[in-house]
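Reader: I should be grateful for a close look at a single part of this molecule, followed outward to the parts around it. Please explain the reasoning at each step, as I am in my first year of study.

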Amino acid sequence: MAHCERASRPLLQCLQKSSLRGLSAVQLQSTRAFQTTAVVREEAQAETKSQPFYKAPDPTLVTSPRLERRLIRQGIAPVGSRRRRAALQDSPNLPFEQLPYQCFQEARKVLLGDRDEKLEEITATSEKIARIQSLPQDQLMQQGTKSRLRALELHLEKLTVLADINDPLVKKKFEDGMGDMSKPIYRYLADQKWRDYRRKILVQRITQMKVIPDVLPHCDPIVDTKLYFGRKLVQPGEFVNSQASSTAPKLDIQLFEGGEKLVTIAVVDSDVPNVEADSYDYQTHYLAVNIPISAINTKVDLSQLSADSQVVLPWLPPVAQKGSPYHRLSIFILEQKDSQPLDFAAIKGRESNRDDALLRTLQARYHLKPIGAHLFRTVWDDTTLEVMKQIGFPEADMELRRKRVEPLPYKRRNPSTFR
């Protein structure tokens, strides 16, 4: 009771002061309610409640396939493997380089010592390159000096890769898809990963389906080329619906070297039926020149290239006439000589005919080097006739049929011999 009396005295004093100011009793009650219990209640309501994990999944911890698909639909890729994400859910949040394992830390000391040696070699090699570059121009243009300079630059790039190739943080960042492709180490790791699987599949497709040597005699892919129609990723040799291929595709050309290259992109159909000659012809469905690509600038939208300085032959939707076999649509990335721009006006005036612009001729005429390839196929489907009418394909309603081959005399069925 004494505590209540002590607490009530300030309230009486406030009541006397407020009555002098003309405040009403109702206002006093609301003030008292605000000053006592409402503060805690309103603060509890104002606190933002953390959302459940299934509503806002963490891409570094998600393990459910359903939540992974939800993140992918939102444009967020899960980080690392599912096994690693499951392990991180129950592990303490320690930095990777501070893991409390003695063997791990001792191994890191060895790797750091090796990295210091590589850094010293990098410094010495850079000084050698600087001394050669400071020579007079006449000495610098000599063949021996140019060869030594090129060898030192290649050795410097190799040392740069070896300095970080054993760093666990670098490998972790690369496996998480967070590598910076402007750095040589990440370009090297991406190149090795591509050559381990995707390049083998690509080479297998273009050789088994006779794209090499039907379209070009030789191609050694050194860039990773991905093909998209809309948002769909097309695997090498996959069949594409005629309606989907009626618009120009998008390419993702990953270069694994430093600097920038100018390339030519050509799309060739090597299975156009020639009824009169009873054979097949070539047709160029797309041709564009002077396209810049680099390890960072990889996206190429064929429908967005400049018609005044790049696109020689615009996109022609590929179609397969009813009754004809599937058509192979080959996409080639050809490096221009010394990455120098080509004369667009001259090429535009000379290569205006799709049927005469053979890729072999273009390669020899403009000194192009194939560095990448892709392949998709098209066949008659439910949407082919509509696409044919849209592009004005001649004889769209005509169906091709195979000629009947008469059997050899000894294979003919002669009823007289059965008696």
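Author: Glu-117 has its place in helix H6, which covers residues 102–133. The model in view is a predicted one, and every statement below should be read in that light. How exposed is Glu-117? Its relative accessibility is 47%, so Glu-117 counts as partly exposed, because that class lies between the limit of 20% for buried residues and the limit of 50% for exposed ones. Glu-117 also belongs to a negative surface patch, whose members are Asp-116, Glu-117, Glu-120 and Glu-121. Which residue, 46 positions apart from Glu-117 along the chain, has its C-alpha atom 8.4 Å from that of Glu-117? That residue is Ala-163.

From the charges of this patch one may turn to charges that are paired. How many salt bridges does the structure hold? There are 17. One of them joins Lys-172 to Asp-176, with 3.4 Å between the closest N and O atoms. The two partners fall into separate classes of accessibility: Lys-172, at 28%, is partly exposed, whereas Asp-176, with a relative accessible area of 12%, is buried.

Another salt bridge is formed by Asp-214 and Arg-328, whose closest N and O atoms are 3.1 Å apart. What does this pair tie together? Asp-214 lies in helix H12 (residues 211–214) and Arg-328 in strand E9 (residues 327–335), and therefore the bridge links parts that are 114 residues apart in sequence. Asp-214 has a relative accessibility of 28% and is thus partly exposed; Arg-328, at 8%, is buried.

Strand E9 takes part in a further salt bridge, that of Glu-335 with Lys-261, where the closest N and O atoms are 3.0 Å apart. Since Glu-335 is in strand E9 and Lys-261 in strand E5, this pair ties together parts that are 74 residues apart in sequence. Are these two residues buried or exposed? Glu-335 is buried at 14% relative accessible area, and Lys-261 is buried at 12%. Both values are under 20%, the limit below which a residue is called buried. In addition, salt bridges link Glu-68, Arg-82 and Arg-85 in a network.

Strands E5 and E9 lead to the sheet in which they lie. In what order do its strands stand? The order is E3-E10-E9-E5-E6-E8, an open sheet of six strands with mixed pairing. At its edges are strand E3 (238–239) and strand E8 (311–313); each has a single partner strand, so one side of each is left without a neighbour in the sheet.

Within this sheet, strand E5 deserves particular attention. Where E5 meets strand E9, the pairing is antiparallel and runs over seven bridges. Val-267 stands opposite Ile-331 of E9. With strand E6 (residues 279–294), strand E5 (residues 260–274) also pairs in the antiparallel sense, here over twelve bridges. Two places along this pairing may be located in the structure: Glu-260 has Ser-294 of E6 as its bridge partner, and Asp-269 stands opposite Gln-283 of E6. Four residues lie between the strands in the hairpin of E5 and E6, and in this hairpin Asp-278 takes a positive phi near 55°. Why can E5 be described as largely enclosed by the rest of the structure? The reason is that twelve of its 15 residues are buried.

The account may close at an edge of the sheet. Phe-239 lies in strand E3, which is one of the two edge strands. With a relative accessible area of 40%, Phe-239 is partly exposed. Together with Tyr-326 and Val-379, Phe-239 makes a nonpolar surface patch of about 240 Å². Two patches have thus been described, and they contrast in character: the one that includes Glu-117 is negative, while the one that includes Phe-239 is nonpolar. The central residue of this account, Glu-117, may accordingly be placed in helix H6, as a partly exposed member of the negative patch.

Methods. Residues numbered from 1 in each chain as written. Predicted model: local features only at pLDDT ≥ 70, side-chain atom pairs only at ≥ 80, totals over all residues. Heavy atoms only, no water. Patch = residues over 30% accessible without salt bridge, like charges linked within 9 Å, V, L, I, M, F, W, Y side chains within 5 Å. Areas by Shrake-Rupley, 256 points an atom, 1.4 Å probe, with all protein chains shown as cover. Salt bridge = Lys/Arg side-chain N within 4 Å of Asp/Glu carboxyl O. Lys, Arg positive; Asp, Glu negative; His and termini not counted. Charge placed at Lys NZ, Arg CZ, Asp CG, Glu CD. Buried < 20%, exposed > 50% of the residue type's maximum accessible area, 1.4 Å probe, protein only. Pairing = 2+ DSSP bridges.
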